[in-house]
Structures are given as C-alpha cells and as structure tokens.
Amino acid sequence: MLVGYSSSSSEEEDAGAGSEAERKKSLPQKKQDEEDDDDYGYEDDFPATKKPRTEVSRSRLPVPGCLLAMFPDDEEPQTADDSLHGGRIRSFKHERGNWATYVYLPYQPEEDFTELLGELLQTAGTLGVVLTAQEEFHLSLSQTVVLKHHWIQLFTQSLRAGLGRCRRFQCLAGKLKVYCNAERTRTFLGMEVWTGHAPLLELVRLVDQTMTEFRLETFYEDPSFHVSLAWCVGDSSVQMKECLQQLQSLVDEHEDGPFQLKLECSELRCRTGNKTFRFPLQST
C-alpha cells in the first residue's frame with residue numbers, strides 16, 4: 001500500500017543547496033554577505049522571500065464625546081457563574097444597565113472582633129454549621145434594589161441632599177441573631193444593635209424618601225438593625241438557632257468581659273454596581 005508523501009521545506013532547501021552555493025562563488029564577497037543576510041531575514045526583520053510592504057500611516061478621527069457617553073465603559077460586569085460567588089444566587093436576574101444598589105453604614109473590624117469571629121466560625125463548624133465570614137462588614141439601611149444606570153447621578157444627589165444635616169453617632173451591638181433572606185437562599189449570623197435606634201431610624205426615613213422618589217422598595221417596617229458576621233448557602237435557620245446559645249456564650253465570656261461591637265456612624269455609603277458613593281455625616 002502506497003502512502004502519499006510530500007517533502008518538507010528543509011528537504012527542498014537541501015536539494016537546491018549545491019547549485020546555490022556554486023552561484024554565490026561567482027559573486028563578490030560583499031554581494032555574498034548581503035544575500036546571506038537576506039536568507040536569514042536579518043535585514044529589516046522580514047523573511048528572505050518577501051519584500052517589506054510599504055506601511056501607510058493612517059490616523060483615526062476621534063470619536064465624538066456624545067457617542068462615547070452613549071456606551072459608558074463602567075457598565076456593571078456580568079457574572080452569571082454562581083461558583084465565582086461561593087454558590088450565592090442572585091435575588092434578581094441580571095440585565096445590562098440594571099445595577100444592584102443598597103445604602104449602609106460601614107464597620108471597620110478591630111483585632112478583638114476578628115479573633116472572636118474566628119472562634120465563632122470554628123465552634124459553629126464543630127456543631128455542624130459551616131459558615132463563611134463576610135468579606136466586609138456593614139449595617140444595612142436599605143434593601144437591595146435595582147437602579148437604572150442613567151439614574152445613578154440623580155439618585156446619589158437626592159441622598160446627599162437628604163442626609164446633609166445628619167450628625168455622627170455611635171451604635172453598640174452584642175447579641176447574636178439568625179437571619180435568612182426573603183428567597184431563603186442564604187442564612188446569616190448577625191450581631192444585633194441594641195443602642196442608637198433613634199438616629200438609625202431617622203437615617204432610614206431619609207433614605208426611604210429617595211427610594212420613594214425613584215419608585216424603589218423602601219426598608220423594612222420594623223427593622224432589626226444588625227451587622228452580618230458570616231453566612232451559608234440555603235435556609236439553615238433551624239440548625240443555626242440550635243447552636244446559637246453556645247455561640248452567644250463566646251460573646252458573653254470574652255477575655256475582657258462581654259464583647260461589644262462599636263459602630264462609629266460617621267459616614268453613609270451607597271454601593272451601586274461597581275461604584276461606591278460616600279456621604280459624610282456632620283461632626284457633633
């Protein structure tokens with residue numbers, strides 16, 4: 001049985017190598033050197049068998065600013081893969097131009113808090129509840145709503161105007177509580193606030209005014225202000241409540257006495273998509 005065969009480029013070059021060498025012997029040395037350079041493509045970095053093309057300089061006309069504004073680069077990136085978010089499931093379907101938005105008070109964890117959180121996660125794990133620590137800690141002052149991209153500037157301007165006269169204050173938290181979202185897709189271990197309710201309710205009232213202005217959902221009627229510490233996928237409320245007493249004992253029997261989470265309420269923030277807006281409160 002015959003198998004088709006085609007010679008490689010290196011074999012073809014070897015076949016003609018003898019005649020080429022004979023021809024170069026008759027050339028002056030300078031001409032031989034020039035042709036050798038061309039064979040290896042050293043001259044202008046172009047292959048020996050091709051001549052360099054003449055490049056024509058082309059300058060692009062600038063795109064008008066009005067067109068660039070129609071297609072902003074900072075649209076919220078689309079991520080549909082739940083595995084990239086620890087198995088978390090979106091509360092609403094992502095659509096281009098719709099940005100998940102919420103208002104909150106940030107909490108900067110202290111060393112004592114970090115140590116306590118580690119103990120809580122470890123103890124919960126031994127009791128059969130595997131929790132994941134929050135990436136950042138905050139106290140929510142709104143529900144997560146869907147905001148159109150072209151509303152962001154007006155929305156944040158409305159918030160800033162409403163919050164302009166609010167003063168700084170402090171909140172304390174120390175009681176653990178279990179929370180589950182409305183879709184029952186995640187369960188949270190939170191630390192409930194027990195001081196500072198009056199100024200918190202005033203902030204919610206002002207945020208709700210902006211929400212109502214844009215026909216968005218307002219906050220809960222009787223809110224339980226808290227800082228979420230950790231979470232797990234699904235509705236694990238029953239399992240988590242069963243070990244809540246043991247977890248609370250870690251808080252109450254902390255090294256220097258009962259642990260109190262101190263929340264310095266000096267700045268509100270609004271997270272919308274990949275943007276964060278800051279609203280400083282007035283000093284007392």
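Here a biologist asks a modeller how some labels on this predicted model are earned.

Modeller: Ground rules: this is a predicted model, where local features need pLDDT of at least 70, side-chain atom pairs count only at pLDDT 80 or more, and totals for chains, interfaces and linings use all residues. Residues are numbered from 1 along each chain as its sequence is written, and side-chain values use heavy atoms, leaving out hydrogens and water.

Biologist: OK, what makes Lys177 and Glu192 a salt bridge?

Modeller: A salt bridge needs a side-chain nitrogen of Lys or Arg within 4 Å of a carboxyl oxygen of Asp or Glu. For Lys177 and Glu192 the N to O distance is 3.6 Å, so the pair passes that test. Lys177 sits in strand S5 and Glu192 in strand S6, 15 residues apart. Strands here are DSSP runs of E with at least two residues, and helices are runs of H or I with at least four, numbered from the N terminus.

Biologist: Why is Glu192 called buried or exposed, and what about Lys177?

Modeller: Buried means under 20% relative accessible area, exposed means over 50%, and partly exposed is in between (1.4 Å probe, protein chains only). Glu192 has 18%, so buried is the word. Lys177 has 32%, so this one is partly exposed.

Biologist: How do you know that Arg184 and Asp235 form a salt bridge?

Modeller: Their closest N and O atoms are 3.0 Å apart, so the cut-off is met. Arg184 is in the loop between S5 and S6, and Asp235 is in the loop between strand S7 (226-233) and H8, so the pair ties together parts 51 residues apart in sequence. Arg184, at 42%, is partly exposed, and so is Asp235, at 39%.

Biologist: How do you know which side of H9 the buried residues are on?

Modeller: In helix H9 (residues 244-252), the buried ones are Leu244, Leu247, Gln248 and Val251. They cover an arc of only 100 degrees around the axis, so they lie on the same side of H9. That arc is taken from the directions from the helix axis to the C-beta atoms.

Biologist: And what makes something a nonpolar core?

Modeller: Such a core is a set of buried Ala, Val, Leu, Ile, Met, Phe, Trp, Tyr and Cys residues joined through side-chain atoms within 4.5 Å. The largest one here has 56 residues, with Leu141 and Leu268 making the most contacts inside it. Helix H7 (residues 197-213) gives the largest share of this core, six residues. In soluble globular proteins, nonpolar side chains tend to be buried together.
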